[in-house]
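The following paragraphs lead the reader through a protein and the DNA strands beside it. Please keep the sequence and the three-dimensional view at hand while reading.

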Amino acid sequence: MSNSVHQSTPSPNRKGKQKRIDLIEPQNESSPKRQRVLSSATRIFILADKLTTEEHDALRSLVVDLGGMNANMTFANVILTSMRAPRRIERYLNADVINRHVPVLHTSWLHDSARERLLLAYEPYKIMGGASPELEKQREELGLDVVGSSEHEQTEEKKAIPPPSPPHSDSQTLQEETNDDDSQTEDEDDATFQRALTPFQSTQQEDCEGDPDWKNVDYACMRPSPLKSKQNQALVDELEVLRLQRILAGKQEMNATAYGRAISAIKAYPHSLQPNPSNAKNLKGVGPKIAKLIVQYYEEGRIAEVDAIRKDSAFQTMSRFMQLYGVGPKRAREYYSGGARSMDDVIKMGGSLGVHLHIDECLRILPDLQRTIPRLEVEEISKTIFDELNIIAPGSTYVICGGYRRGKPESNDVDIVISLPRPLQRGEEPDRGIWNVKEQIAVMDKLLKTLKRKAFITHVVNVSTPASVYEMTYSRLELAEVVVMPSRSETIPVPRYRRVDIILGPWETHGAAVLGWTGSRQFERDIRLLAKHKGFTFHSTGLVHQGERAPLSTPQEEDIFEILGLEYMPPRLRNCDA
DNA sequence: AAAAAG
DNA sequence: TTTTTGGG
DNA sequence: ATAAAC
């Protein structure tokens, strides 16, 4: 499938690329191990004023180290200075430079780029020149978890989400390191400069886009990932096609994993990769092959292999089969190679898939299930379920997790994590014993029975109950996968079948359940990986220290972050998938 | 396919 | 060069 | 024992 693609047009632009590589290559024979951060087309002039000779020389050699060129003012396309006041700087520039709007950046840009091994965007460091930055004034309201409790409207979940936090004290320190120490004469210009350093601070949610906060780390759970990449979302969508294809093709699952990691790295990167696509390879998770694809995308506007995959009918057909509950990549391949080309063919070939959801029924409600669910409806469905539960098990609380909690405007399903009977507030001693397993199973049983009788639940796709002694003793979590049909209301003018997951667990591990059911997929993978490296195993039923059997007490998400030494990541910044 | 571990 | 890549 | 789902 793939080899038809890349080398089909080897001739013309291949030469062009070879040429570019030559251009990039020259100039540093001295230490071949050096990574190129600047393009050789970056011609930098450093204003001498206010710098000591040593500092000036150090900067010039840093430019060379990073693969750039020092130039005189006339030929420079970037000017660096340690001054902060535009009016003062102007005195040192010739008219030509000002007319050409050559960007004048603070020297910390070079230091930061060196530190990140990546050419950073000019914008946050720009003092003057360049195209005028158009600051969008869209403000995103900070979403709180929708939680419920029979006893108080306010539970610890609400308090747990901090107000829009003032961006990163951490990064401020970082900036101060690179900024020079001597004081300013012009205060008002200093203020301008500070604003320039954190350009998105006032326009975007919290600190996710202010690049001083961005770190090139290898765990997705450590870096803020917004719903959509501001600058590279189209690229992300292209790479996602490759990821899916690698899964569908089979035998390339790890390949797909690599694409997933690359995608999450790009999602977290707060600048456009367009100006310097080849630098993408400096992102952790992006290696030489994916870097090449990124270059191709930004140079030619498309990735050839992705175009081919999108057109491929086998890919399209198998993707469609995978929408059926119970059909993953393997069965999709089986159906396809068995000759199936339509959903009807699949039905004819038959076989029951999920235990309780038969394939023709699955197909019947599929048109509904393909529709996304608006946030208001997610809330209403959750409340319906919780109201019922509250009669059966008073004192419970619930949190709506999944994509909803990550701030998605539309969800594919509803994930409700319910804690019995009530999670501890911070500092509060446990005043009730844990619910025993039988009781918990009984609660789920009653809940499902009632909601079925009321014809709210139309299908019970699957119910998993803690079966083994191990599970019953240490990590009890019940999962009911159901389909509901809500009744018509103001928020639900046209009722449709909706997939709902109901998760039921004890309060001691409520935090783990919430963290584990909030996602995104890549976020979960990396938090598990991090936990493993730190000597724990984490999953939605609890955080367990290696060698132990019982999970640690983690009534709140924050408990897990804290134990793992991980900075708390608000749900809305956990969108590490495409 | 990428990065860590050996 | 080999191993790991999320866990139940 | 394996695939799929979460």
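A residue is said to be near a strand if one of its heavy atoms lies within 4 Å of that strand. The model shown here is a predicted one. With that cut-off in mind, consider DNA strand B: of its atoms within 4 Å of the protein, 80% belong to sugar or phosphate, and the rest belong to bases. Around DNA strand B there are 13 residues, and the closest of them are Asn255, Gly285, Gly287, Lys289 and Ile290.

Which atoms of glycine 287, lysine 289 and isoleucine 290 lie beside the phosphate oxygens of DNA strand B? For glycine 287, a polar backbone atom is 2.9 Å from a phosphate oxygen of the strand. Isoleucine 290 also takes part through its backbone, with an N or O atom 3.0 Å from a phosphate oxygen. Lysine 289, by contrast, uses its side chain, an N or O atom of which is 3.1 Å from a phosphate oxygen. Two elements, α10 and α11 (288-300), each give two or more residues to the surface near DNA strand B. The largest share comes from α10, with four residues. Sorted by class, the residues of this surface are seven nonpolar, three polar and three charged.

The other strand to examine is DNA strand C. The residues around it are Met254, Arg261, Arg521, Glu524, Arg525, Arg528, Leu529, Lys532, Phe538 and His539. For DNA strand C, sugar and phosphate make up 50% of the atoms that come within 4 Å of the protein. By class, the surface near DNA strand C consists of three nonpolar, one polar and six charged residues.

Some of these charged residues can be followed to particular atoms of the DNA. In the side chain of arginine 525, an N or O atom is 2.7 Å from a base nitrogen of DNA strand C. Arginine 528 likewise has a polar side-chain atom 3.0 Å from a base nitrogen of DNA strand C. Lysine 532 is placed beside the backbone of the strand instead: a polar atom of its side chain lies 2.4 Å from a phosphate oxygen. The elements that give two or more residues to this surface are α10 (253-268), α22 (521-533) and β14 (536-539). Among these, α22 gives the most, with six residues.

From the DNA, the view may now widen to the protein chain. Chain A has 578 residues, of which 51% count as buried. Its secondary structure comes to 23 helices and 15 strands. Of the contacts in chain A with a separation of 6 or more, 69% are between residues 24 or more positions apart.

Three strands show how parts of the chain are joined. Strand β1 (residues 43-46) pairs with strand β2 (residues 69-70) in the parallel sense over two bridges, and arginine 43 stands opposite methionine 69 in β2. Strand β1 also runs parallel to strand β3 (residues 78-81), to which three bridges join it. Here isoleucine 44 stands opposite valine 78 in β3.

Where is burial to be seen in a helix? Helix α21 (residues 510-518) is largely enclosed by the rest of the structure, because eight of its nine residues are buried. The buried residues are His510, Gly511, Ala512, Ala513, Val514, Leu515, Gly516 and Thr518. Just after α21, glycine 519 takes a positive phi of about 75°.

A single residue offers another example. Tyrosine 336 is found in helix α14 (residues 329-337). Its relative accessibility is 17%, and it therefore counts as buried. Apart from neighbours within four places in sequence, tyrosine 336 is in contact with Ser313, Ala314, Thr317, Met318, Phe321 and Arg341. One of these partners, alanine 314, is 22 residues away in sequence, while the C-alpha atoms of the two residues are 7.6 Å apart in space.

Finally, the confidence of the prediction should be considered. Chain A has an average pLDDT of 75, and 70% of the residues score at least 70. Among its elements, strand β7 (residues 373-374) has the highest mean pLDDT, 96, and helix α7 (residues 169-178) the lowest, 27. Over residues 1-34 the pLDDT stays under 50, and the model has 23 contacts beyond four places in sequence for this stretch. Residues 132-143 also have a pLDDT below 50, with 16 contacts in the model beyond near neighbours in sequence.

Conventions. Residues numbered from 1 in each chain as written. Chains lettered and ligands numbered in written order. Heavy atoms only, no water. Polar contact = N/O pair within 3.5 Å; in protein donor to acceptor, adjacent residues only side chain to side chain. Nonpolar A, V, L, I, M, F, W, Y, C, P; charged D, E, K, R; others polar. pLDDT = per-residue confidence, 0-100. Contact = heavy atoms within 4.5 Å. Pairing = 2+ DSSP bridges. Buried < 20%, exposed > 50% of the residue type's maximum accessible area, 1.4 Å probe, protein only.
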